Amino acid sequence: MHFGTLPTVGVDALGADSFILDVREADEWQAGHAEGALHIPMSEFVARFGELTEAAPDGDKVYVMCRVGGRSAQVTGYLLQQGIDAVNVDGGMQSWEAAGRAVVTDAGVPGSVI
């Protein structure tokens, strides 16, 4: 799917209650992520798809995020094909961190984007 055809927003469009799906790999997640995000690495996504459908609030948008937006664009395309209201977050976690949004570890302490 062509990147330009995907619904895409910047991090400024995400509110405190937005449902975020982080598709980065485990080492990236452990270094730091958006608090409250659901983590399913892109490499495991199809096998773990059910975790998303269980966790995502019915009818809510799923904001898909990776480090800069490439992997999340691929997952967003897949989700749209499955009938899920998915949106790619342009700039990903790098933009999230640059915008001053909190980046935390699983322990709840400040983390970083790698």
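Visitor: Why is Tyr 78 counted as partly exposed rather than as buried or exposed?

Guide: In this predicted model, Tyr 78 has a relative accessible area of 24%. Buried would require a value under 20% and exposed a value over 50%, so Tyr 78, lying in between, is partly exposed.

Visitor: How many aromatic pairs are counted here, and what makes Phe 45 and Phe 49 one of them?

Guide: The count comes to three aromatic pairs. In one of them, the ring centres of Phe 45 and Phe 49 are 6.1 Å apart, and the cut-off for a pair is 6.5 Å. Their planes stand at 75°, and because angles over 60 degrees count as edge-to-face, that is the name given to this pair.

Visitor: On what grounds are Phe 45 and Phe 49 each called buried?

Guide: The relative accessible area is 3% for Phe 45 and 18% for Phe 49; since buried means under 20%, both residues qualify.

Visitor: What geometry describes the pair formed by Phe 45 and Tyr 78?

Guide: The ring centres of Phe 45 and Tyr 78 lie 6.0 Å apart and the planes meet at 90°, so this pair too is edge-to-face. It links distant parts of the chain, with Phe 45 in the loop between strand 3 and helix 2 and Tyr 78 in helix 3, 33 residues apart. Together, Phe 45, Phe 49 and Tyr 78 form one aromatic cluster.

Visitor: How are the five strands ordered in the sheet, and why do strand 1 and strand 3 count as edges?

Guide: The sheet is open, its order is 1-5-4-2-3, and the pairing is parallel. Strand 1 (8–9) and strand 3 (38–39) each have a single partner strand, which means that one side of each is left without a neighbour in the sheet.

Visitor: How do you know that strand 1 and strand 5 pair?

Guide: Pairing requires at least two bridges, and strand 1 and strand 5 (residues 86–89) have two, in the parallel sense, so the criterion is met. In this pairing Val 9 stands opposite Val 89 in strand 5. Helix 3 (residues 70–81) packs on the sheet, touching strand 2 (19–22), strand 4 (62–65) and strand 5, and its direction makes about 175° with that of strand 5.

Visitor: What shows that both faces of strand 4 are covered, and which strands does strand 4 pair with?

Guide: Val 62 and Val 64 on one side, and Tyr 63 and Met 65 on the other, are all buried. Strand 4 pairs with strand 2 over four bridges, where Leu 21 stands opposite Val 64, and three bridges join strand 4 to strand 5, where Val 64 stands opposite Asn 88. From strand 4 the chain crosses through helix 3 to strand 5, and this β-α-β crossover is right-handed.

Visitor: Why does Lys 61 count as partly exposed, and what joins the side chains of Lys 61 and Asp 85?

Guide: Lys 61, in the loop between helix 2 (49–55) and strand 4, has 36% relative accessibility, a value between the limits of 20% and 50%, so partly exposed is the right term. The side chains of Lys 61 and Asp 85 are joined by a polar contact of 3.2 Å, and the cut-off for such a contact is 3.5 Å. Not counting residues up to four places away in sequence, Lys 61 touches Phe 19, Asp 85 and Val 87. Lys 61 and Ser 18 are 43 residues apart in sequence, yet 7.6 Å apart in space, C-alpha to C-alpha.

Notes: Residues are numbered from 1 along each chain as its sequence is written. This is a predicted model: local features need pLDDT of at least 70, side-chain atom pairs count only at pLDDT 80 or more; totals for chains, interfaces and linings use all residues. Side-chain values use heavy atoms; hydrogens and water are left out. Contact means heavy atoms within 4.5 Å. Axes are lines fitted to C-alpha atoms, for helices over the stretch in contact, and angles run from 0 to 180 degrees between N-to-C directions. Buried means under 20% relative accessible area, exposed over 50%, partly exposed in between (1.4 Å probe, protein chains only). A crossover is right-handed if, with the strands pointing away from the viewer, the path from the first strand over the helix to the second runs clockwise. A polar contact is a pair of N or O atoms within 3.5 Å; within protein, one must be able to donate a hydrogen and the other to accept it, and residues adjacent in sequence count only if both atoms are side-chain atoms. Rings of Phe, Tyr and Trp (its six-membered ring) pair if their centres lie within 6.5 Å; planes under 30 degrees apart count as stacked, over 60 as edge-to-face and the rest as tilted.
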